[in-house]
Amino acid sequence: MSVVNAWISAVVRWWLFFAVAVVRCLVSLWSQARDFIVFTTESPVNSRTIELEKAFLSKLPVHIGFILNAADWSTPDVAKLLSWCASLGIQHITIFDQHGVIKQRKEDIVKSATSSVSELGSEKPRVFEVAQDIHSHLSDSSAIRKHIQEYLSKTPAVPTDAVLSNQTVRSRSKIPEKALLDSLTVFEGTPDLPPPGVCRVMFASGEDAHSALLTATRQIASACCAQPSSSDSKQWLQSEAISQGLIHDLLNRHDGQLWPPPDFTISYEEGPFMSGFLPWHLRYSEVFLAGRQHNFSWAKLRDPLRSFAKCVQRFGK
């Protein structure tokens, strides 16, 4: 009897395993078929489609980030993504892929996107400005020194009794709580928005995320260790002046313009992974996990934007 029960149990387990496998296969086939149907039957995107969507959305991101899998995205697809975002009026776009494959094609992508915007027939022409590579910008010591000096001249002075120097860190409990909070306040400045009709685009990779942080750290350390000039007996950058705001200013300044951090990021990667996306771009950003896209269509940009329009941003509070 026990042998029969064991045999029946084994048969039932195999049938359950087979049924689960069949269901998963059918779900996968249905998902691919649905994407194909949407891709082949969706009406072409034109200026009227864009204007209707703009009227429907209660808000748009000022800076949107895209995490792409280069294996799924051709040059025309990325160009289409850029042209739709620019036509909607989004002013800053970051295109990120982990291995930098899309970044290598940025000239062709921007050229194709400019042509796509013209084909949409928008009344307001759009011009794409491609930002300099993050690493190249941070490697320019003279430019970085100028940015730091400009930032310090605009930053409110930190209370002397709240400076977190080596001496006060040892006796942290002696610092008044309010003064300590004041000293940690981040002064991020006002972003420099582009003129009407201009859309700023930055292409980045996982290597940029690592190298930018390392280069910024080296530049700040070099400024702190610089020899004082004859007219000034102090270092030109005191260690007490280093703050989150200063680092934010260095990492988010491109071609002399201070970009706002992304308020919305869409990941077209598989699973809940950021794939090495620029960490300072995720501080306040809403994140939408759209999954991998094999046939990119208007709906796959429209739906995340509608989700963003409904969300209430708390900026970490």
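Here are some worked exercises on the predicted model shown above.

**Exercise 1. Getting your bearings**

Find how many helices and strands the protein has, and what share of its 317 residues count as buried.

*Solution.* Start with the secondary structure: there are 12 helices and eight strands. Next, look at burial, where 39% of the 317 residues make the cut. The surface comes next: about 18200 Å² is exposed, with carbon and sulfur atoms supplying 58% of it. Finally, check how the chain meets itself. Take the contacts between residues at least 6 apart in sequence, and 78% of them turn out to join residues at least 24 apart.

**Exercise 2. Two cysteines, C85 and C199**

Work out how many disulfides the structure has, and why C85 is not bonded to C199.

*Solution.* First, recall the chemistry: a disulfide is a covalent bond between the sulfur atoms of two cysteines. Searching the whole structure turns up zero of them. Now go to C85: its closest cysteine sulfur belongs to C199 and sits 7.4 Å away, too far for a bond. The cut-off here is 2.5 Å between the sulfur atoms. Run it from the other end and C199 likewise finds its closest cysteine sulfur in C85, at 7.4 Å. As for exposure, C85 is buried at a relative accessible area of 0%, and C199 is buried at 1%.

**Exercise 3. The two sides of helix 5**

Decide which residues of helix 5 are buried, which are exposed, and what the buried ones pack against.

*Solution.* Begin with the geometry. Helix 5 covers residues 106-119, which is 14 residues, and reaches 20 Å from its first C-alpha to its last, close to the 20 Å expected at 1.5 Å a residue. Now sort by burial: K106, I109, V110, A113, S116 and V117 are buried. They take up an arc of only 120° around the axis, which puts them on the same side of helix 5. The general rule behind that kind of spacing is that an α-helix has 3.6 residues a turn, so residues three or four places apart point the same way. Flip to the other side of helix 5 and you get the exposed set: E107, D108, K111, S118 and E119. Last step, the partners: the buried residues of helix 5 pack against helix 3 (75-88), helix 4 (101-104), strand 3 (127-130) and strand 4 (198-204).

**Exercise 4. Helix 3 and the largest core**

Find which element gives the most residues to the largest nonpolar core, and how many of the 14 residues of that element, helix 3 in the model, are buried.

*Solution.* Size up the core first: it has 37 residues, and F66, I95 and L301 have the most contacts inside it. Elements that give it two or more residues include strand 1 (63-68), strand 2 (92-97), strand 7 (264-267) and helix 12 (299-310). Helix 3 gives the most, with eight residues. Then check its burial: helix 3 is mostly covered, with 11 of its 14 residues buried, among them L81, L82, W84 and C85. Right after helix 3 comes G89, with a positive phi near 105°. To see the core from one residue, pick L301: leaving aside neighbours within four places in sequence, L301 is in contact with F66, L81, W84, C85, I266, Y268 and F296. Another core, of 24 residues, lies apart from it and includes A131, A209, L250 and F277.

**Exercise 5. Three strand residues**

Place T94, E129 and V198 in their strands, then say whether each is buried or partly exposed.

*Solution.* Take T94 first. It is in strand 2 and counts as buried at 0% relative accessibility. Beyond four places in sequence, T94 touches H63, I64, G65, F66, M202, W259, F277 and H281.

E129 is in strand 3, and at 37% relative accessibility E129 counts as partly exposed. Setting aside neighbours within four places in sequence, its contacts are V198, C199, R200 and V201.

That leads to V198, in strand 4, buried at 12% relative accessibility. V198 touches Q91, V127 and E129, not counting residues up to four places away in sequence. For a through-space check, the C-alpha atoms of V198 and I90 are separated by 9.4 Å, although the two are 108 residues apart along the chain.

Conventions:
Residues numbered from 1 in each chain as written. Predicted model: local features only at pLDDT ≥ 70, side-chain atom pairs only at ≥ 80, totals over all residues. Heavy atoms only, no water. Helix = DSSP H or I, 4+ residues; strand = E, 2+ residues; numbered from the N terminus. Buried < 20%, exposed > 50% of the residue type's maximum accessible area, 1.4 Å probe, protein only. Contact = heavy atoms within 4.5 Å. Areas by Shrake-Rupley, 256 points an atom, 1.4 Å probe, with all protein chains shown as cover. Expected span 1.5 Å × (residues − 1). Arc of directions from axis to C-beta. Core = buried A, V, L, I, M, F, W, Y, C linked by side-chain atoms within 4.5 Å.
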